[in-house]
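This briefing covers pockets, helix packing and backbone geometry. Please read it alongside the sequence and coordinates shown below.

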Amino acid sequence: MSAISPISMINDSHCHFFSSTFLEKLAPSGGGADALAQRLGWDAPGSAAQLADRWVAELDRHRVARAALIASIPGDEPAVAEAVAHHPGRFVGFFMVNPLAPDADAALSRAFEEHKLRVACLFPAMHGYALHDQRVERVFASARDHRGAVFVHCGVLTVGVRKKLGLPSRFDLRLGDPLALARTALGFPEVPVIIPHFGAGFLREALMAADQCPTIHLDTSSSNSWTKFHAGLTLEQVLRQALTVAGADRILFGTDSSFFPRGWQRDIFESQQRALETLGVGVSEQEKIFAGNFDRLFPR
């Protein structure tokens with residue numbers, strides 16, 4: 001096997017910040033963050049600053065320069081904001097918002113303005129709304145007004161921590177349609193849009209949306225186990241199609257790393273780089289995918 005091309009920098013566009021507050025909000029009757037972490041087999045997160053320090057040490061160990069940190073439940077924005085403020089050169093703050101919530105507009109303003117977070121994350125299958133809903137347009141308008149971006153989870157949605165804790169996950173997968181997202185995104189050409197996991201089973205639709213809407217970016221995160229729904233589809237084929245349609249300028253590397261002691265998932269990086277090498281993708285294009293596009297979207 002030929003040697004893997006050296007990459008000068010890695011940025012990870014998809015990491016979850018599973019703080020103590022996240023665990024407490026996810027399962028309020030679970031006995032507190034430490035007890036829930038023990039049930040899950042995780043290390044206790046500690047304070048937001050402590051968890052941020054641990055993530056920096058982990059990124060340093062793997063030579064990862066910067067990472068997105070996602071507040072993975074509405075209301076956990078302060079924890080991610082504290083982590084970002086603690087290490088502003090290393091983290092970019094993302095936050096989950098439910099546009100159907102009565103305080104959605106205020107939550108958006110607070111997250112972008114007070115907490116200095118930069119990306120609003122939408123999970124339509126989880127919260128039960130269509131991506132062409134006017135309330136989704138308000139999320140895009142807020143991102144535009146604050147020079148932010150929007151992350152939209154489409155396709156298959158499985159939340160491992162919910163399953164382990166026995167929490168119900170009655171997600172309506174019909175709502176995560178990238179084609180509906182493209183219609184909304186086209187109305188906000190100033191707002192970068194990120195679809196994670198190549199559309200998580202809606203690859204064809206995500207590619208169609210990206211072809212129609214030049215602000216849509218695809219993130220490569222996780223093991224991409226959704227490929228099991230497409231007979232014979234390989235990671236190499238997924239990347240080839242994404243490169244053909246979106247180009248190297250609109251693909252963002254991510255791992256979907258989340259908890260300790262597992263930490264940063266280096267195997268995801270290595271498998272994706274091997275796939276790009278197999279496809280003959282040159283170093284300059286790989287460096288866009290693994291770092292440059294992230295820095296362009298989220299300059300320091």
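The points below are grouped by topic, and they describe a predicted model. The largest pocket holds about 950 Å³ of space, and the second largest holds about 160 Å³. Three helix pairs are then described: α7 with α9, α5 with α7, and α11 with α12. Two backbone features close the briefing, namely a cis peptide bond between F260 and P261 and a positive phi at N224.

**Largest pocket**

- The volume of the largest pocket is about 950 Å³, and its lining is made up of 42 residues.
- L157, T158, V159, G160 and D256 are the lining residues that lie nearest the centre of the largest pocket.
- Four elements each supply at least two residues of this lining: strand β1 (11-16) and the helices α1 (20-26), α6 (124-127) and α8 (160-164).
- Helix α8 gives the largest share of the lining, with 4 residues.
- Sorted by class, the lining of the largest pocket consists of 20 nonpolar, 16 polar and 6 charged residues.

**Second largest pocket**

- The second largest pocket encloses about 160 Å³ and is lined by 14 residues.
- Nearest its centre lie G75, E77, D103, A107 and R110.
- Two or more lining residues come from each of the helices α4 (77-86) and α5 (104-114).
- The largest share, 4 residues, is that of α5.
- The lining of the second largest pocket divides into 8 nonpolar, 3 polar and 3 charged residues.

**Packing of α7 with α9**

- Helix α7 spans residues 134-145 and helix α9 spans residues 178-185; they pack at about 55 degrees, and their axes are 10 Å apart.
- Because of that angle, α7 is oblique to α9.
- The crossing of this pair is right-handed.
- On the α7 side, the contact is made by V136, E137 and F140, and on the α9 side by L181, R183, T184 and A185.
- In terms of class, 4 nonpolar, 1 polar and 2 charged residues make up the contact of α7 with α9.

**Packing of α5 with α7**

- Helix α7 also packs with α5: the two axes cross at roughly 25 degrees and come within 10 Å.
- The helices α5 and α7 are therefore roughly parallel to each other, since angles under 35 degrees count as roughly parallel.
- The crossing of α5 with α7 is right-handed.
- From α5, the residues D105, L108 and F112 meet R138, V139, S142 and A143 of α7.
- The contact of α5 with α7 holds 4 nonpolar, 1 polar and 2 charged residues.

**Packing of α11 with α12**

- The axes of α11 and α12 lie 9 Å apart, and the angle between the two helices is about 65 degrees.
- That angle is why α11 and α12 are described as roughly perpendicular to each other; the range for this term is 65 to 115 degrees.
- The passage of α11 across α12 is right-handed.
- The contact joins L235, E236, L239 and L243 of α11 to S271, Q272, A275, L276 and T278 of α12.
- By class, 5 nonpolar, 3 polar and 1 charged residues form the contact of α11 with α12.

**Backbone features in loops**

- The peptide bond that joins F260 and P261 is cis, with omega at about 20 degrees.
- P261 sits in the loop between strand β8 (251-252) and helix α12 (266-278).
- N224 has a phi near 55 degrees, which is a positive value in a residue other than glycine.
- The loop that contains N224 runs between strand β7 (216-219) and helix α11 (235-245).

Notes
Residues are numbered from 1 along each chain as its sequence is written. This is a predicted model: local features need pLDDT of at least 70, side-chain atom pairs count only at pLDDT 80 or more; totals for chains, interfaces and linings use all residues. Side-chain values use heavy atoms; hydrogens and water are left out. Axes are lines fitted to C-alpha atoms, for helices over the stretch in contact, and angles run from 0 to 180 degrees between N-to-C directions. Angles under 35 degrees count as roughly parallel, over 145 as roughly antiparallel, 65 to 115 as roughly perpendicular and the rest as oblique. A crossing is left-handed if the near helix is turned anticlockwise from the far one by less than a right angle, and right-handed if clockwise. Contact means heavy atoms within 4.5 Å. Ala, Val, Leu, Ile, Met, Phe, Trp, Tyr, Cys and Pro count as nonpolar, Asp, Glu, Lys and Arg as charged, and the others, Gly among them, as polar. On a 1 Å grid over the protein atoms alone, a cavity is a set of points where a 1.4 Å probe fits but cannot get out, and a pocket is an open set with protein on both sides within 12 Å along at least five of seven lines; lining residues have an atom within 4 Å of a point. Grid points are joined across faces, edges and corners, and a volume is the space filled by probe spheres set on the points.
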